[in-house]
Amino acid sequence: MTYLHPSWELSATCAVLLALLWGALSLAPRAGLVELVRSFAREFAVVMTLLGVWQYVGRFVRTHVEGAYSHAVRVQNAQAWLHLPDELELQHLVLPHEWLVRSMNSYYAFAHLNGMALFLIWVWWRRRSSFRSVRNTVVGTTLICLLVQSVPVAPPRLLPNSGYVDTALLYGQSVYGEYATGVASQLTAMPSVHVAWAAIVGWYVTKLGRGPLRVIGAVHLVLTVLVVAATANHWWLDGIVATAIMLVVIGGQWLVGRWWASRSMVDVGEPLPGRAAVPETSTH
């Protein structure tokens, strides 16, 4: 199975190479293809740097395991209080269909980081004026999710005596491996970065896309939510909290943009929105 799962060392190496390329091309005449590649190298050097920082810091945040199972029970109880659907019932619907379970396992492993990489490249190539806003949303949402994940929460598949099946481990498709032996911590279910990134893709593809392309983002979000629940990798609340964090980050950017725009208007002496300009009177 092919999927991107780079280490922080690989991300840092890519960031350095892109920064060197950007620096070298900055010395060349800015025209045509040179300027295009220079812009790409600059923006994605920042992206890879931030990705590497997230991966590196995450190694320390995700080592805490105390309370993970009791926190998972609390999440489960909160979902029952909110009358959310039972993930176990959803999993029981798909378990008899091996082809469907295998497809979901592959989607969980492949569509997350690969999908975000393709999305960022598309935004940069087709909607470059929106790239920095999108990048800031990805960075802000991911870092806040990382902070919340400092409180460990076990995913459904690791909750003892719950009846959930680790579908990826069952069919040899796990990106984690056996608990405590895999390549990543498995007690950071809350909030779901899978759903957070899918929500970002869904939001911006719908906003920036044209025609049928706008549907792809929404479909990706819906599939991701169903997949993470049916494979017992996340609780419903993991995705709800992740989406709420994304909306807060987007709203924060909008408020900062409005504030900055109002400051700029004051600096140049233009009237603020909703305030009529007072005409100057001449004296003779």
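# A walk through an all-helical predicted model

Glutamate 98 is a partly exposed residue, because its relative accessible area of 39% falls between the 20% limit for buried and the 50% limit for exposed. The model in which this residue is seen is a predicted one. Glutamate 98 takes part in a salt bridge with arginine 102, the two side chains meeting at 2.8 Å, N to O. Both residues belong to helix α5, where they stand four residues apart, about one turn of the helix. Arginine 102 is likewise assigned to the partly exposed class, since its relative accessible area is 33%.

The count of salt bridges comes to two, and the other one joins the side chains of aspartate 166 and arginine 157 at 3.3 Å, N to O. Here the setting is a buried one, for aspartate 166 is buried and arginine 157 is buried as well.

It helps to place these contacts within the fold. The protein chain has 11 helices and zero strands, so that, read from the N terminus on, its elements run α-α-α-α-α-α-α-α-α-α-α. Of its 284 residues, 40% count as buried. Helix α4, which spans residues 87-94, contains leucine 88, and this leucine counts as buried because its relative accessible area is 18%, under the 20% limit. Leucine 88 also shows how parts separated in sequence come together, in that its C-alpha lies 7.4 Å from the C-alpha of glycine 163 although their positions lie 75 residues apart in the count along the chain.

The aromatic residues offer a second set of contacts, with three aromatic pairs in the structure. In one of them, the rings of tryptophan 124 and tryptophan 125 have centres 6.0 Å apart and planes at 40 degrees, and the pair is therefore tilted, the angle lying between the limits of 30 and 60 degrees. In another, the rings of tyrosine 164 and tryptophan 235 have centres 5.9 Å apart, and because their planes stand at 85 degrees, over the limit of 60, the pair is edge-to-face. This second pair links distant parts of the chain, since tyrosine 164 lies in the loop between α7 (131-148) and α8 (167-170) while tryptophan 235 lies in the loop between α10 (213-230) and α11 (236-267), the two being 71 residues apart. Tyrosine 164 and tryptophan 235 are both buried. Tryptophan 124 is buried too, because its relative accessibility is 3%. The ring of tryptophan 124 has a further partner in arginine 128, whose charged end sits over that ring at 4.0 Å from its centre.

Which spaces are enclosed within the model? A search of the whole structure finds two cavities of 30 Å³ or more. The largest cavity has a volume of about 80 Å³, and among the 14 residues that line it, Ala111, His112, His194, His220 and Thr224 are the closest to its centre. Helices α5 (98-110), α6 (113-126), α9 (193-208) and α10 are the elements that give two or more residues to this lining. By class, the lining of the largest cavity is made up of nine nonpolar residues, five polar residues and no charged ones.

The second largest cavity holds about 40 Å³ of space. Its lining consists of Asn105, Tyr108, Ala168, Gln173, Ser174, Val175, Thr231 and Asn233. Three of these residues are nonpolar and five are polar, and no charged residue is found in the lining of the second largest cavity.

Several details of the backbone complete the picture, and they lie in loops between helices. The peptide bond from methionine 190 to proline 191 is cis, with omega near -10 degrees, and proline 191 is found in the loop between α8 and α9. Asparagine 161, which is not a glycine, nevertheless has a positive phi of about 55 degrees. The place of asparagine 161 is in the loop between α7 and α8, and this residue counts as exposed because its relative accessibility is 84%, over the 50% limit.

Alanine 232 also has a positive phi, of about 65 degrees, without being a glycine. The loop between α10 and α11 is where alanine 232 is placed. What is the relative accessibility of alanine 232, and is the residue buried or exposed? The value is 0%, and alanine 232 therefore counts as buried.

Key
Residues numbered from 1 in each chain as written. Predicted model: local features only at pLDDT ≥ 70, side-chain atom pairs only at ≥ 80, totals over all residues. Heavy atoms only, no water. Phe/Tyr/Trp six-rings, centres within 6.5 Å; stacked < 30°, edge-to-face > 60°. Buried < 20%, exposed > 50% of the residue type's maximum accessible area, 1.4 Å probe, protein only. Lys NZ or Arg CZ within 6 Å of the ring centre and 35° of its normal. 1 Å grid on protein atoms, 1.4 Å probe; cavity = no way out; pocket = protein on both sides within 12 Å on 5 of 7 lines; lining within 4 Å. Points joined across faces, edges and corners; volume = space filled by probe spheres on them. Nonpolar A, V, L, I, M, F, W, Y, C, P; charged D, E, K, R; others polar. Salt bridge = Lys/Arg side-chain N within 4 Å of Asp/Glu carboxyl O.
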